[in-house]
Amino acid sequence: MEARQRSPLKAKIQLIEAEGLWALKKLEEEGGAPFDFVFIDADKANYLTYLERLLSAPRKLLSPGALICVDNTLWQSQVLPHNVDTPDGSTQAIREFNDHVA
């Protein structure tokens with residue numbers, strides 16, 4: 001059994017497993033918000049798009065004081081330094097995301 005199923009708050013937990021931009025659009029349309037906590041774990045090239053969509057959605061997706069956590073923003077437990085080669089698009093996307101939110 002998943003940890004969230006054992007939680008006393010399980011009725012308040014909504015796990016959404018779908019393509020991220022589609023899911024955000026659907027939440028806006030259906031009014032399935034606001035959320036207190038959002039965990040972004042998706043295609044890294046769109047991390048910044050997800051963040052901007054959450055923050056600027058015409059229909060509020062976040063409660064006041066909401067917490068947004070983003071997976072994979074650290075590289076070997078540190079912020080990815082600029083002097084490290086970026087061998088792939090995901091690494092570059094994380095670097096750009098970190099620069100934007102810094």
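This text walks through the structure from the whole chain down to single residues.

The model is predicted. Start with the overall build. The chain has 4 helices and 2 strands. Read along the sequence, these elements follow the order α-α-β-α-β-α. The C-alpha atoms fill a box of roughly 45 × 35 × 25 Å, taken along the principal axes. The chain holds 102 residues, and buried residues make up 25% of them.

How does the chain meet itself? Take the contacts between residues at least 6 apart in sequence. Of these, 61% join residues at least 24 apart. Keep this in mind when you follow single residues, since several contact lists below reach across the sequence.

Now turn to the interior. In soluble globular proteins, nonpolar side chains tend to be buried together. Here, the largest nonpolar core has 15 residues. Those with the most contacts inside this core are V38, I40, Y47, L54 and L61. Which elements give two or more residues to the core? They are α2, β1, α3, β2 and α4. The most comes from α3, with 4 residues.

Three of these core residues are worth a visit. Begin with V38. Its place is in strand β1. Is V38 buried or exposed? V38 has a relative accessible area of 15%, so it counts as buried, the limit being under 20%. Look next at its partners. Leaving aside neighbours within four places in sequence, V38 is in contact with L54, L62, L67, I68 and C69. One of these partners, L62, is 24 residues away from V38 along the chain. The C-alpha atoms of V38 and L62 are separated by 8.3 Å.

Move on to L54, one of the partners of V38. Again leave out residues up to four places away in sequence. L54 then touches L24, V38, I40, L61, L62 and I68. In that list, V38, I40 and L61 are also among the residues with the most contacts inside the core.

That leads to L61. This residue is not in a helix or a strand: its place is in the loop between α3 and β2. Even so, L61 is buried, with a relative accessible area of 1%. What does L61 touch, once neighbours within four places in sequence are set aside? The partners are L24, L27, E28, A33, P34, F35, R53 and L54. Another distance helps to place this loop residue. L61 and G31 are 30 residues apart in sequence. In space, they are 8.1 Å apart, C-alpha to C-alpha.

Next comes the largest pocket. About 780 Å³ of space lies in it. The pocket is lined by 24 residues, and the closest to its centre are Q14, I16, F37, V38 and F39. So V38 appears twice in this tour: in the core and in this lining. Which elements each supply at least two residues of the lining? They are α2 (20–30), β1 (35–40) and α3 (47–56). The most comes from β1, with 5 residues. By class, the lining has 17 nonpolar, 3 polar and 4 charged residues.

Finally, look at the loop between β2 (62–70) and α4, where T73 lies. N72 lies in this loop too. N72 has a positive phi of about 65 degrees, although it is not a glycine. At 35% relative accessibility, N72 counts as partly exposed. T73 is buried, with a relative accessible area of 17%.

What does T73 touch, not counting residues up to four places away in sequence? The answer is I94, F97 and N98. Follow the last of these. N98 is found in helix α4, which spans residues 89–101. At 12% relative accessibility, N98 counts as buried. A polar atom of the N98 side chain lies 2.9 Å from the backbone oxygen of T73. That distance is within 3.5 Å, the cut-off for a polar contact. One more distance sets N98 against another part of the chain. N98 and L24 are 74 residues apart along the chain, and their C-alpha atoms are separated by 21 Å.

To retrace the route, find V38 in strand β1, then L61 in the loop between α3 and β2, and end at N98 in helix α4.

How values were computed: Residues numbered from 1 in each chain as written. Predicted model: local features only at pLDDT ≥ 70, side-chain atom pairs only at ≥ 80, totals over all residues. Heavy atoms only, no water. Buried < 20%, exposed > 50% of the residue type's maximum accessible area, 1.4 Å probe, protein only. Polar contact = N/O pair within 3.5 Å; in protein donor to acceptor, adjacent residues only side chain to side chain. Contact = heavy atoms within 4.5 Å. 1 Å grid on protein atoms, 1.4 Å probe; cavity = no way out; pocket = protein on both sides within 12 Å on 5 of 7 lines; lining within 4 Å. Points joined across faces, edges and corners; volume = space filled by probe spheres on them. Nonpolar A, V, L, I, M, F, W, Y, C, P; charged D, E, K, R; others polar. Core = buried A, V, L, I, M, F, W, Y, C linked by side-chain atoms within 4.5 Å.
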